[in-house]
Amino acid sequence: MLISFTHIHSTLLTFPSQEGRKTWEQLLNTCRDITRMVSVYEREVGTKRKQRIQRLLAAFPYLLHHHIQPRCLDHSQCEELKDGPYSLLLNEPRPINIGRRKSMKTPRQCYVDTRALPWCLLPDSVLNKCAQSHNRPLWVADRLGLEFTEIQYVPNWTSRERLDLLKAASKLTECIGHCERIHNTAVPLNYARHALRSLTLWSLTLPFGLIDKLGLLTGPTVGILAWLMFGVYQIGHTIEDPFQGSLKMTDMCNSIYRDVMYGDRNEAGMRRECAFRKDGEKNEDWDTVGEAFGLGWTAQVEVEASRVMSVHVRG
């Protein structure tokens, strides 16, 4: 029973954590693919449009994080920035009245600092529209789709490249849906209560099965086993929603920002070198590279080729 309970409970409650990791892995890979695509085709996309796409793409993971786990300013910070030029009031969704029953909950007010990420990545005209949306990451994904469709067809940019970028925008939308499903679909309350009752009953009846064999050691043994089992139960409920602490969301957002906004150094120094420009490089530079891995493979191949050629000449 001990093994079966641990296996079933861990399987049911670690599934959301695994799904959350896979979703953010897909998000990271998609953002990198879009960045590579618009950087390689910068001449066809346009420098200004490429910069807009990069900023929208860098803001997307932060907005998704805020959508799942709102990070509003506290009361003291709101009082400091409320009347200043750097405060922004977000339009939070209001409760929907079903039938004649009216909800007594008042919509909360969420203020953010426009000098912080991701709000500083967007101009005021775009930021105000994004702030009015209830689903801000979805708004950014839609705007990315609009930017992709406005790229004009040229010989080196056809409908195939446009469809590739639109598919990538669809993957971003899928990531939003996956995160919302994990965050809004909790473990059923009946299962949680039944698991806790079963574990409590098992812990209370365990001493009667061990007293004959362990004697005075029954008390410490039962205490250790109960501590282990209730620990597994608590850990399972802690990682039920992986976005509440088990996943390092801020580190993932910073990683996407660093990979998307290459060459744009912020105050934290997050920057990666650009591989899409060949300034100061020549194709002849590759000829000056030494032997592969220093194992003499290049020289060995040249000697073998010379030997084969000499045999053919003699023949």
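**Exercise 1. The burial of C110**

Task: In this predicted model, decide whether C110 counts as buried, partly exposed or exposed.

Solution.
Step 1. Take the cut-off: buried means under 20% relative accessible area.
Step 2. Read the value for C110, which is 0%.
Step 3. C110 therefore counts as buried.

**Exercise 2. The partner of C110**

Task: Find which residue forms a disulfide with C110. Then describe the link.

Solution.
Step 1. Use the cut-off: the two cysteine sulfur atoms must lie within 2.5 Å.
Step 2. The sulfur atoms of C72 and C110 are 1.8 Å apart, and these residues form a disulfide.
Step 3. Place the two ends. C72 sits in the loop between helix 3 (47-68) and helix 4 (75-81), while C110 belongs to strand 2 (residues 110-113). The two are 38 residues apart, and the pair links distant parts of the chain.
Step 4. Find the hand. The angle about the S-S bond is -105°, and the link of C72 and C110 is left-handed.
Step 5. Check the cover at the other end. C72 has a relative accessible area of 28%, so C72 is partly exposed.
Step 6. Count the disulfides. The structure holds one.

**Exercise 3. Two more cysteines**

Task: How accessible are C120 and C179? What is the nearest cysteine sulfur to C179?

Solution.
Step 1. C120 has a relative accessible area of 37% and is partly exposed.
Step 2. C179 is in no disulfide. The nearest cysteine sulfur is that of C175, 6.6 Å away.
Step 3. C179 has 0% relative accessibility, so C179 counts as buried.

**Exercise 4. Strand 2 and its neighbour**

Task: Which residues cover each face of strand 2? Then state how strand 1 and strand 2 run.

Solution.
Step 1. Start from a general rule. In a regular strand the side chains alternate between the two faces of the sheet.
Step 2. Sort the residues. C110 and V112 are on one side of strand 2, and Y111 and D113 are on the other.
Step 3. Check burial. All four are buried, and both faces of strand 2 are covered.
Step 4. Look at the pairing. Strand 1 (residues 87-90) and strand 2 run antiparallel and are joined by four bridges.
Step 5. Pick one position. D113 in strand 2 stands opposite S87.

**Exercise 5. A cis peptide bond**

Task: Is the peptide bond from L117 to P118 cis or trans?

Solution.
Step 1. Recall the usual case. Most peptide bonds are trans.
Step 2. Read the angle. From L117 to P118, omega is near 0°.
Step 3. The bond from L117 to P118 is cis.
Step 4. Locate the proline. P118 lies in the loop between strand 2 and helix 5 (124-132).

**Exercise 6. Salt bridges**

Task: Three of the salt bridges involve R181, R49 and R160. Find the partner and the accessibility of each.

Solution.
Step 1. Recall the principle. Side chains of opposite charge can pair when their charged atoms come close.
Step 2. Apply the cut-off: a side-chain nitrogen of Lys or Arg must be within 4 Å of a carboxyl oxygen of Asp or Glu. The count comes to eight salt bridges.
Step 3. Take R181. The side chain of R181 meets that of E19, with N to O at 3.5 Å. R181 is in helix 7 (residues 159-184) and E19 in helix 1 (residues 2-40), 162 residues apart. R181 is partly exposed at 39%, whereas E19 is buried at 18%.
Step 4. Take R49. The salt bridge joins R49 and E150, with N to O at 3.3 Å. R49 lies in helix 3 and E150 in the loop between helix 6 (136-149) and helix 7, so the pair ties together parts 101 residues apart in sequence. R49 is buried at 16%, and E150 is partly exposed at 37%.
Step 5. Widen the view. R49 and E150 belong to a salt-bridge network with R52 and E147.
Step 6. Take R160. The partner is E161, and the closest N and O atoms are 3.6 Å apart. R160 is exposed at 58%, but E161 is buried at 6%.

**Exercise 7. Helix 10**

Task: Why does the span of helix 10 agree with the expected value?

Solution.
Step 1. Helix 10 (residues 249-260) has 12 residues.
Step 2. The expected span is 1.5 Å times one less than the number of residues. For helix 10 this comes to 16 Å.
Step 3. The end C-alpha atoms are 17 Å apart, which agrees.
Step 4. Check burial. The buried residues of helix 10 include M249, C253, Y257 and V260.

Terms used:
Residues numbered from 1 in each chain as written. Predicted model: local features only at pLDDT ≥ 70, side-chain atom pairs only at ≥ 80, totals over all residues. Heavy atoms only, no water. Buried < 20%, exposed > 50% of the residue type's maximum accessible area, 1.4 Å probe, protein only. Pairing = 2+ DSSP bridges.
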